[in-house]
Amino acid sequence: MGSAQIYREAIENFMTGTLRIFKKLAATLFLLFGIPFSAAFIADMMSPNNTSEEKEDALAALLIATLPSTALGGWLVWGLHQDHKRKLAAESDVENDRLQSVFFQVLEENSGQATILRMAKEACISKEEAQEYLDRKALEFDATYEVGEQGEITYQFHL
């Protein structure tokens, strides 16, 4: 990877992080302004002590100032949530690709056999994660397994 590519990625990461911080700050400010003032204006509109002119003024303030602020803050929060979900999905896809690559490497090196310990070691995951992964793959590829004398499971994938 060239230095120009590294600089480009660093700038992109900085800009993405800066934009995310700006969105969080803006959403917070819009919601901190919009929600309490909306509640106050709604209370003014519902108050039997206020004149009809005061209620109309409260409605106008609600419609012009606080509802758009609240809506914009909510929209920003929703966008941040969607961005976070996309990022998690992308990370999950990368991890799944990595595990699949390790899985096929283990099978190739061991004539179609895999053990939980070997998968855990090669993929740098826990024993439980390795067993869960191998169980899913065994179902997917119709593999067989053997339980050794000491309880270790050896999966046989038919190549």
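Mentor: Two strands count as paired if DSSP finds at least two bridges between them. Keep in mind that this is a predicted model: local features need pLDDT of at least 70, side-chain atom pairs count only at pLDDT 80 or more, and totals for chains, interfaces and linings use all residues. Residues are numbered from 1 along each chain as its sequence is written, and side-chain values use heavy atoms, leaving out hydrogens and water.

Trainee: OK, what makes S2 and S3 a pair?

Mentor: Strands are DSSP runs of E, at least two residues, and helices are runs of H or I, at least four, numbered from the N terminus. S2 and S3 (residues 153-156) share 4 bridges, and at least two are needed, so they pair. The sense is antiparallel, with Thr144 opposite Gln156 in S3. The two strands make a hairpin with 5 residues between them, and Gly151 in the turn has a positive phi of about 90°.

Trainee: How do you know that S1 pairs with S3?

Mentor: 3 bridges join them, again antiparallel, and that clears the cut-off of at least two, so it's a pair. Here Gln113 faces Gln156 in S3.

Trainee: Why are S1 and S2 called edge strands?

Mentor: The open sheet runs S1-S3-S2. S1 (113-115) and S2 (144-147) each pair on one side only. From one strand to the next, the twist averages 25° (axes are lines fitted to C-alpha atoms, for helices over the stretch in contact; angles run from 0 to 180 degrees between N-to-C directions). Helix H4 (residues 127-141) lies across S1 and S3, at about 35° to S3.

Trainee: How do you know that the length of H2 agrees with its 58 residues?

Mentor: The expected span is 1.5 Å times one less than the number of residues, which gives 86 Å; the end C-alpha atoms are 82 Å apart, so that agrees. H2 does bend by about 40° at Leu62 (the angle between axes fitted to the seven residues ending there and the seven starting there). Just after H2, Ser111 has a positive phi of about 50°.

Trainee: What makes up the largest nonpolar core?

Mentor: A core is a set of buried (under 20% relative accessible area, 1.4 Å probe, protein chains only) Ala, Val, Leu, Ile, Met, Phe, Trp, Tyr and Cys residues joined through side-chain atoms within 4.5 Å. This one has 19 residues; Phe103, Met119, Leu134, Tyr155 and Phe157 touch the most other members. H2 gives the largest share, 5 residues. Leaving aside neighbours within four places in sequence, Met119 contacts (heavy atoms within 4.5 Å) residues including Leu99, Phe103 and Leu134.

Conventions: Buried means under 20% relative accessible area, exposed over 50%, partly exposed in between (1.4 Å probe, protein chains only).
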